[in-house]
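User: I've got a model open and I'd like to poke at its ligand site, its pockets and a couple of backbone oddities. Can you walk me through the reasoning behind each label?

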Amino acid sequence: MKLHEYQSKQLFAKYGIPIPKGEVVTQPEDARRIARDLGRRVVVKAQVLVGGRGKAGGVKLANTPDEAEKVAGQILGMDIKGLTVHKVLVDEAADIRQEIYLGIVLDRVQRRAVMMASASGGMDIEEIARTQPEKITRVAIDPFLGLREYQVRQIAYSIGLPREQLKDFNVIAQGLYRCFADVDASLAEVNPLIVNGEDKLQAVDGKILIDDNALFRHPDLAALRDVDEEAPSETEARQRGLSYIKLDGEIGCMVNGAGLAMATMDMTQLFGGSPANFLDIGGGAQADKVAAALRIILADPHVKAVLFNIFGGITRCDEVARGIVAALEEVKPNVPMVARLVGTNEEEGREILAAAHMATAKTLAEAAQKAVALVKGEAAVVKLLPVEVKPLKAKRKVAAKKPAVKKAVAKKARPTVKKATARASTKKARK
Ligand code: GDP
Ligand code: MN
């Protein structure tokens with residue numbers, strides 16, 4: 001779950017990180033009132049859950065209450081990367097000497113939280129991360145020891161922070177880490193952390209991502225979720241218990257199981273298509289859940305074909321097929337679809353789909369190729385390409401050396417098995 005800038009900064013403030021004074025409003029005339037109360041130059045900032053608001057024109061300075069009302073009027077209702085601005089933050093404007101980047105992310109490879117900092121913070125940090133990664137300092141935090149002061153010093157020196165600011169910087173870095181850990185965040189960042197005209201550090205922008213799987217531990221934070229700002233499909237997916245992530249491709253994928261969903265996306269790509277989403281309907285999905293999933297997929301205007309890949313285990317293929325048919329009646333899609341159902345009740349499932357004139361496939365490779373062909377408008381005849389996947393070649397090689405392999409297996413496997421059995425019986429005997 002993403003927190004808004006104003007929510008993130010309010011949390012940061014609780015951890016001792018200095019933030020500008022300000023308030024969130026939904027009406028331009030309230031922006032005027034806040035600007036008047038602050039009694040100085042303000043900055044009016046769109047509160048939408050995407051980055052790059054500054055470049056999109058969602059951050060504007062205002063010298064007077066009149067101007068604050070005017071720019072708030074311009075920003076409210078603005079469309080930023082597909083999201084409508086419903087709220088603006090009116091903050092006292094900062095006198096910016098330098099923009100620093102300071103953030104913490106969860107690094108899955110290191111299995112640690114990693115603090116990152118750069119002297120070149122601000123709006124171009126993504127570009128810098130791409131082109132000049134050496135300008136970003138990274139420090140891994142030991143979960144048992146926490147962020148050590150020497151690590152903070154190391155970061156401060158690497159970004160050229162003057163000695164006089166080290167104490168304040170330490171408070172901010174420690175606060176950010178405690179906040180990150182306390183709220184079960186996967187990201188907490190301050191960009192920019194500024195040095196102002198009085199040589200003081202201040203967090204001018206903030207962002208927090210909270211791990212959804214930990215939200216049950218934070219009902220107060222879960223209540224901050226801004227459904228207005230979520231894509232409606234993401235809201236519905238969450239409410240239905242579906243794992244849905246929108247992507248940029250054209251083939252909508254409905255799959256049961258995360259691993260299977262990944263494999264389905266890979267297969268789609270292998271045959272020259274691009275997945276429009278990741279969608280895991282989970283185990284034991286019933287017809288209504290399947291219908292919801294299909295609605296979500298079809299709500300994306302980029303979807304040109306839908307690929308169902310269902311492995312019937314706990315999930316019954318006939319149940320899924322009924323869900324698909326029910327959904328077809330409800331949403332009346334105008335894109336072609338292909339389904340591959342295998343496992344529990346697959347025959348019944350296929351019969352139901354055939355009766356509804358739905359294209360089916362026996363293998364995932366076939367289904368993926370059909371889906372790609374459908375997107376390309378080759379709906380009439382789908383000529384299956386020979387599948388050439390690397391692991392298959394490897395298998396062929398193994399097959400050629402059959403006798404050698406057999407011997408190796410025979411030599412190795414037997415004694416090990418025997419030993420293991422022997423060990424097991426000794427254990428039993430000891431008991
Ligand atoms: P983002 O573009 O969504 O990351 O929004 P930010 O809140 O980071 O604002 C973008 C940029 O606007 C910052 O990098 C600053 O350069 C500038 N900015 C933001 N707030 C202020 C302010 O109070 N005073 C001044 N002078 N510039 C600001
Ligand atoms: Mn920013």
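Analyst: Here we go through the ligand, the empty spaces and the backbone of this predicted model.

User: What makes the pair between lysine 45 and ligand 1 a polar contact?

Analyst: The cut-off for a pair of N or O atoms is 3.5 Å. A polar side-chain atom of lysine 45 lies 2.6 Å from an oxygen atom of ligand 1, so the pair is within the limit and counts.

User: Which part of alanine 94 faces an oxygen atom of ligand 1, and how do you know that it counts?

Analyst: Here the backbone does the job: an N or O atom of the alanine 94 main chain lies 2.8 Å from an oxygen atom of ligand 1. The limit is 3.5 Å, so this one qualifies as well.

User: And what about glutamate 99?

Analyst: A polar side-chain atom of glutamate 99 lies 2.6 Å from a ligand 1 oxygen atom. Again that is within 3.5 Å, so it is a polar contact. As for cover, ligand 1 has 560 Å² of accessible area on its own, and the protein covers 85% of it.

User: Which residues come nearest to ligand 1, and what is the shell made of?

Analyst: There are 17 residues around ligand 1, and Lys45, Arg53, Gly54, Ala94 and Glu99 come nearest. By class, the shell splits into nine nonpolar, four polar and four charged residues.

User: How do you know that ligand 1 sits in a pocket?

Analyst: The test is that more than half of its atoms lie within 2 Å of the pocket's grid points. Ligand 1 is assigned to the second largest pocket, so it meets that test there. Two or more shell residues come from each of β3 (42-46), β4 (59-62), β8 (96-107) and β11 (185-196).

User: What does the second largest pocket look like in numbers?

Analyst: Its volume is about 940 Å³. Of its 41 lining residues, Arg53, Gly54, Met123, Asn191 and Asp205 are the closest to the centre. Strand β13 gives the most to this lining, with four residues. The classes come out as 17 nonpolar, eight polar and 16 charged.

User: What makes up the largest pocket?

Analyst: That one has a volume of about 1200 Å³. It has 29 lining residues, with Asp212, Glu230, Glu234, Tyr244 and Ile245 nearest its centre. β13 (206-210), α8 (232-240) and β14 (243-246) each give two or more residues to the lining. By class there are 13 nonpolar, five polar and 11 charged residues.

User: Why is the space beside Ala156 called a cavity and not a pocket?

Analyst: In a cavity the 1.4 Å probe fits but cannot get out, whereas a pocket is open. The space lined by Ala156, Tyr157, Leu161, Pro162, Arg163 and Leu166 is the largest cavity, so the probe is shut in there. Its volume is about 30 Å³, and the search finds one cavity of 30 Å³ or more in the whole structure. The lining has five nonpolar, no polar and one charged residues.

User: Why is the bond before proline 192 worth flagging?

Analyst: Most peptide bonds are trans. The one from asparagine 191 to proline 192 is cis, with omega near 5°. Proline 192 lies in strand β11.

User: What makes lysine 81 stand out?

Analyst: Most residues other than glycine have a negative phi. Lysine 81 is not a glycine, yet its phi is positive, at about 50°. Lysine 81 is in the loop between β5 (79-80) and β6 (83-84).

How values were computed
Residues are numbered from 1 along each chain as its sequence is written. Chains are lettered from A and ligands numbered from 1 in the order in which they are written. This is a predicted model: local features need pLDDT of at least 70, side-chain atom pairs count only at pLDDT 80 or more; totals for chains, interfaces and linings use all residues. Side-chain values use heavy atoms; hydrogens and water are left out. A residue is near a molecule or strand if one of its heavy atoms lies within 4 Å of it. A polar contact is a pair of N or O atoms within 3.5 Å; within protein, one must be able to donate a hydrogen and the other to accept it, and residues adjacent in sequence count only if both atoms are side-chain atoms. Accessible areas come from the Shrake-Rupley method with a 1.4 Å probe; for residues, only the protein chains shown count as cover. On a 1 Å grid over the protein atoms alone, a cavity is a set of points where a 1.4 Å probe fits but cannot get out, and a pocket is an open set with protein on both sides within 12 Å along at least five of seven lines; lining residues have an atom within 4 Å of a point. Ala, Val, Leu, Ile, Met, Phe, Trp, Tyr, Cys and Pro count as nonpolar, Asp, Glu, Lys and Arg as charged, and the others, Gly among them, as polar. Grid points are joined across faces, edges and corners, and a volume is the space filled by probe spheres set on the points.
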